[in-house]
Amino acid sequence: MILNFIYFILWFSIWSALRRPEGIQDLVLGVSVSGFVTFMTADLAAQLDDRKAGQKRRGISGIPIKTAYLLYYMVIFLWECVKANIDVAFRVLHPSLPIRPGTVKIKTALKSNIGLTVLANSLTLTTGNTTVDVDKAAGVLYVHRLCVRNERAESIPAAARFENILKRIFD
């Protein structure tokens, strides 16, 4: 319950910083939106709060560290998106259009559903990649790439960077 209240305050603070409410109508809207987002992300808050089965709950002691890693992840993700957009723009504007589409098999150590989902979505949002399938049992993601460097399956450097950070947040 306390964790949900902390998340509500976080979402309301973000909303207020972006919107800069001027009247009571804006505040009511902000409280409504923040409450809805808090309700929708309650499962995420519970996953961040719980340890693996059979261990004691750690409360909010691990939240500041995970939040710091989440902020770090956002910076890394944005940087990878910028690099990928520049790469795709180069390929589109290059006269010979140097593309070699293909599907890459990426082995991952992430076990949680949310960790795999965030990794798959992050790779899809990185321009030039689309996550086609996730095999949780085998720990494999299949990603279609705009340009595959060789015939054999390769890894995506951004995927390894994302995975290392996501392990600390979700697993």
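## Burial and the first helix

A residue is called buried here when its relative accessible area is under 20%, exposed when it is over 50%, and partly exposed in between. The model is predicted. By this cut-off, the buried residues of helix α1 are L3, Y7, F8, W15 and S16.

Helix α1 covers residues 2–19, with 18 residues in all. From its first C-alpha to its last it reaches 25 Å, close to the 26 Å expected at 1.5 Å a residue. Just after α1, R20 has a positive phi of about 55°.

## Overall make-up

Six helices and three strands make up the secondary structure of the protein chain. Along the sequence they follow the pattern α-α-α-α-β-α-β-β-α. The chain has 171 residues, of which 32% count as buried. Its accessible surface comes to about 11200 Å², and carbon and sulfur atoms hold 65% of that area.

Among contacts with a separation of 6 or more, 65% are between residues 24 or more positions apart.

## Helix α4 and the cysteines

Helix α4 spans residues 63–93 and has 31 residues. The distance from its first C-alpha to its last is 44 Å, close to the 45 Å expected at 1.5 Å a residue. Its buried residues are I63, K66, Y73, I76, F77, E80, C81, A84, V88 and R91. This list includes the charged residues K66, E80 and R91.

C81 has a relative accessibility of 11% and therefore counts as buried. C147 is also buried, because its relative accessible area is 14%, below the 20% cut-off. The structure holds zero disulfides.

## The sheet

The three strands form an open sheet in the order β1-β3-β2, with antiparallel pairing. Strands β1 (102–107) and β2 stand at the edges with a single partner strand each, so one side of each has no neighbour in the sheet. From one strand to the next the twist averages 25°.

Strand β3 (residues 140–145) pairs with β2 over six bridges in the antiparallel sense. In this pairing, N129 stands opposite R145 of β3. Six bridges also join β3 to β1, again antiparallel, and there Y142 of β3 is the bridge partner of K105.

## Two faces of β1 and the packing of α5

In a regular strand the side chains alternate between the two faces of the sheet. Strand β1 shows this alternation: G102, V104 and I106 point to one face and are buried. T103, K105 and K107 point to the other face and are not buried.

Helix α5 (residues 113–125) packs on the sheet and touches β1, β2 and β3. The direction of α5 makes about 155° with that of β2.

## V134 in edge strand β2

V134 is found in strand β2, which runs over residues 129–135. Is V134 buried, partly exposed or exposed? With a relative accessible area of 34%, V134 is partly exposed, because this value falls between the cut-offs of 20% and 50%.

Leaving aside residues up to four places away in sequence, V134 touches L116, A120, V140 and L141. L116 and V134 are 18 residues apart along the chain, and their C-alpha atoms are separated by 7.9 Å. L116 and A120 fall within the range of α5, while V140 and L141 fall within that of β3.

Key
Residues numbered from 1 in each chain as written. Predicted model: local features only at pLDDT ≥ 70, side-chain atom pairs only at ≥ 80, totals over all residues. Heavy atoms only, no water. Helix = DSSP H or I, 4+ residues; strand = E, 2+ residues; numbered from the N terminus. Buried < 20%, exposed > 50% of the residue type's maximum accessible area, 1.4 Å probe, protein only. Contact = heavy atoms within 4.5 Å. Areas by Shrake-Rupley, 256 points an atom, 1.4 Å probe, with all protein chains shown as cover. Disulfide = S-S within 2.5 Å. Pairing = 2+ DSSP bridges. Axes fitted to C-alpha atoms, helices over the stretch in contact; angles between N-to-C directions. Expected span 1.5 Å × (residues − 1).
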